[in-house]
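Please walk me through this model stop by stop, telling me what to select in the viewer and what is found there.

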Amino acid sequence: MSERSALRVRLDQLVREIAKFGVVGGIGLLVNMAVFNLLRSTTDIPVVRASLLATVVAIACNYVGFRYFTYRDREKSGRTREISLFFAFSALGLVIENGVLYTATYGFGWDSPLQSNFFKFFGIGVATLFRFWSYRTWVFRALPPEAPVPDSPAAESSVAESPVAAATVLGQRRHQEAPTPVGPSAR
């Protein structure tokens, strides 16, 4: 596989990952905004507190979507570590998202329903960039590629692609083909 085709494969994988992340994030956005506006219109909870509650509900929904849809092919060992990191990075995203709304509401006095929705949406957008990076880098890590078995078709094709792979496979073959010493020193 040439460098160009390898780059193309990686780019295609990234585009698919972004699309899946977008689907789950879109559902989370709808949940977040619906809960926020429901709380805002039916209760006397202050704007930022309503936003915090809505964000927590969306985070719970998003975990399920990310684990079982977007990143279902990623490493599954260490579920406690994964959940802990997910909620830690989600909490940082919550601070980013609601920090924007807090600044607009209490810093500038922009707290009409339209302004609150705009800054809530803007905060979600900024936090989404952070979440995408952190989830794919730290939480749902990619599995390392499996090394091809020597003398298999995959090993033969990797030899043609990489000088390092070629040296590794050739070294393994030499080791396998080396005669076993016979005689007094072999015992």
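A residue counts as buried when its relative accessible area is under 20%, as exposed when that area is over 50%, and as partly exposed in between. By that cut-off Arg131 is buried, because its relative accessible area is 10%. The tour comes back to this residue after an overview. Keep in mind throughout that the model is predicted.

**The whole chain**

Begin with the protein chain in a cartoon view. It has six helices and zero strands, so the order of elements from the N terminus reads α-α-α-α-α-α. The chain has 187 residues, and 30% of them count as buried. Switch to a surface view: the accessible surface comes to about 12,000 Å², and carbon and sulfur atoms account for 67% of that area. For contacts, take the pairs with a separation of 6 or more; 69% of these join residues 24 or more positions apart.

**Arg131 and its surroundings**

Select Arg131, which lies in helix 4. Show the residues it contacts, leaving aside neighbours within four places in sequence: these are Phe21, Thr55, Ile59, Ser90, Gly93, Leu94 and Glu97.

Next select Leu129, also placed in helix 4. Is Leu129 buried or exposed? Its relative accessible area is 66%, which means that Leu129 is exposed. Add Gly93 and draw a distance: the C-alpha atoms of Leu129 and Gly93 are separated by 9.1 Å, with their positions 36 residues apart along the chain counted as the separation.

**Phe21**

Move to Phe21 in helix 1. Phe21 counts as buried because its relative accessibility is 7%. Not counting residues up to four places away in sequence, Phe21 touches Phe66, Thr70, Tyr71, Thr128, Arg131, Phe132 and Tyr135. A C-alpha to C-alpha line from Phe21 to Arg136 spans 9.9 Å, while the two are 115 residues apart in sequence.

**The nonpolar cores**

In soluble globular proteins, nonpolar side chains tend to be buried together. Here, select the largest nonpolar core, which has 14 residues. Which of its residues touch the most other members? They are Phe21, Phe66, Tyr71, Phe86, Tyr135, Val139 and Phe140. Helix 1, helix 2, helix 3 and helix 4 each give two or more residues to this core. The largest share, four residues, comes from helix 4.

Within this core, centre on Val139. Setting aside residues up to four places away in sequence, Val139 touches Arg81, Glu82, Leu85, Phe86, Phe89 and Ser134. Another core lies apart from the largest one and has ten residues, including Leu39, Ala54, Ala104 and Phe119.

**The second largest pocket**

Now display the second largest pocket, which holds about 270 Å³ of space. Its lining has 21 residues, and those nearest the centre are Gly25, Asn62, Ile124, Thr128 and Arg131. The elements that give two or more residues to the lining are helix 1 (3-42), helix 2 (47-70), helix 3 (79-107) and helix 4 (113-139). Which helix gives the most? Helix 1 does, with seven residues. Colour the lining by class to see nine nonpolar, ten polar and two charged residues. Arg131, the buried residue from the start of the tour, is thus one of the residues nearest the centre of this pocket.

**Two partly exposed residues**

Finish with two selections on helix 1 and helix 2. Val23 lies in helix 1. With a relative accessible area of 44%, Val23 is partly exposed. Add Gly65: Val23 and Gly65 are 8.8 Å apart in space, C-alpha to C-alpha, and 42 residues apart in sequence.

The last stop is Cys61, placed in helix 2. Cys61 is partly exposed as well, because its relative accessible area is 38%. Draw the C-alpha to C-alpha line from Cys61 to Ile27, which gives 8.4 Å for two residues 34 apart in sequence.

Terms used: Residues numbered from 1 in each chain as written. Predicted model: local features only at pLDDT ≥ 70, side-chain atom pairs only at ≥ 80, totals over all residues. Heavy atoms only, no water. 1 Å grid on protein atoms, 1.4 Å probe; cavity = no way out; pocket = protein on both sides within 12 Å on 5 of 7 lines; lining within 4 Å. Points joined across faces, edges and corners; volume = space filled by probe spheres on them. Nonpolar A, V, L, I, M, F, W, Y, C, P; charged D, E, K, R; others polar. Core = buried A, V, L, I, M, F, W, Y, C linked by side-chain atoms within 4.5 Å. Buried < 20%, exposed > 50% of the residue type's maximum accessible area, 1.4 Å probe, protein only. Contact = heavy atoms within 4.5 Å. Areas by Shrake-Rupley, 256 points an atom, 1.4 Å probe, with all protein chains shown as cover.
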